[in-house]
Amino acid sequence: MTSKLTEYYRQPEIYITLPSGGQFYPEGSLESSATGEIPVYGMTAKDDVAIKTPDALISGEAVVQVIKSCIPSIKDPWQMPASDVDFVLVAIRIASYGEEMEMESTCTKCEEEFNFGIDLTQYIDKLGKVEFTNETTTIKYGKLKVHIKPLTYNELSLLQRSAFEEQQVLTMASSNEDLEETERQEMYTRVLNNMTELNIGTISSGVQGIELPDGELIVDKTEIIDFVNNSSIKLTNRITDTLQEIRDKTLIPPLDIECPKCEHKWLSPLDFNYTSFFA
Ligand SMILES: [Zn+2]
């Protein structure tokens, strides 16, 4: 039996247009409306606990859980373009706690500590309408066309986790005095190889497909990786640059901060530490 209370469950607080405009979502991972606007609900107590758990290993899981709960139109947050993630978290913050966010800062010049409020809706307004034309996401390479897509949240999380693990091995290898010199060299070589593979992984994750002169699109991951491994650095650099351009377009811009005491001005990134951001 359905409870009579269901009609009083939480309702959407705001409606947003995704920075990607819904592009790059694999079929079935996004339920889009005719207007392109999707509803955002406030967090539940369960979401609040999940997002504030300061464990890097489960933070991806927590983000996915919270997005699913608050933006049910996003069916599979792991498959969403990573470039949409910060934006939807800002929207969820607004839906849960309101538009104003209180921040603390310390002047980089006179060290005065002060609080100030920012209006988060400015990000929703600014990033809600980013255009991705075919020109910005296609690289012409001889007779081929390389189609670029932002990394999915899943791809980015895996790559970040692996990079973090390699970094830890590197720190261990350089600080452990009990290691034989040959062992240390072996560890360095292994880290270097793994980092190179991660880099290739990032590049091939950013390739949606490679279009042959007759229009056929090659989407097989192994074929793409082999192709990237057998291409000149010029192509890989252009892929990296295009991925960066897509990221820059959807990036939450840094805040203009002015010290109330000495009037010194500087730029500071929006604090995306979830424990403090969702406070
Ligand atoms: Zn100051």
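**View 1. Where domain 1 and domain 2 touch in this predicted model.**
Here 11 residues of domain 1 are in contact with 11 residues of domain 2. Sorted by class, the side of domain 1 that touches domain 2 has eight nonpolar residues, three polar ones and no charged ones. Domain 1 takes in residues 12–130 together with 252–277, while domain 2 covers 138–249. If you zoom out a little, the C-alpha centres of the two domains lie 27 Å apart.

**View 2. An open sheet of four strands.**
The strands follow the order 5-6-7-8, and their pairing is antiparallel. Which strands sit at the edges? They are strand 5 and strand 8 (217–218), each of which pairs on one side only. The next three views go through the sheet pair by pair.

**View 3. The hairpin of strand 5 and strand 6.**
Strand 5 (residues 138–141) and strand 6 (residues 144–148) run antiparallel and are joined by four bridges. To find your way along the pair, look for Thr-138, which stands opposite His-147 in strand 6. Two residues lie between the strands of this hairpin, and Gly-142 takes a positive phi near 60 degrees. That backbone angle is a handy one to check if you have a torsion plot open.

**View 4. Strand 6 beside strand 7.**
Four bridges link strand 6 to strand 7 (residues 207–211), again in the antiparallel sense. His-147 is a useful landmark here too: on this side, the residue opposite His-147 is Gly-209 in strand 7. Taken with the previous view, His-147 therefore has Thr-138 across from it in strand 5 and Gly-209 across from it in strand 7.

**View 5. Strand 7 beside strand 8.**
Two bridges hold this antiparallel pair. Ile-210 has Ile-218 in strand 8 as its bridge partner. Strand 8 is an edge strand, like strand 5.

**View 6. Helix 7 crossing helix 8.**
Helix 7 spans residues 181–205 and helix 8 spans residues 221–229. At what angle do their axes cross? The answer is roughly 120 degrees, with the axes coming within 10 Å. The crossing is right-handed. On the helix 7 side, the contact is made by Ile-200, Ile-203 and Ser-204. These residues meet Lys-221, Ile-224, Ile-225, Val-228 and Asn-229 in helix 8. By class, the contact has five nonpolar residues, two polar and one charged.

Technical notes:
Residues numbered from 1 in each chain as written. Predicted model: local features only at pLDDT ≥ 70, side-chain atom pairs only at ≥ 80, totals over all residues. Pairing = 2+ DSSP bridges. Axes fitted to C-alpha atoms, helices over the stretch in contact; angles between N-to-C directions. Left-handed = near helix turned anticlockwise from the far one by under 90°. Contact = placed C-beta atoms within 7 Å. Nonpolar A, V, L, I, M, F, W, Y, C, P; charged D, E, K, R; others polar. Domains from an automatic or database assignment.
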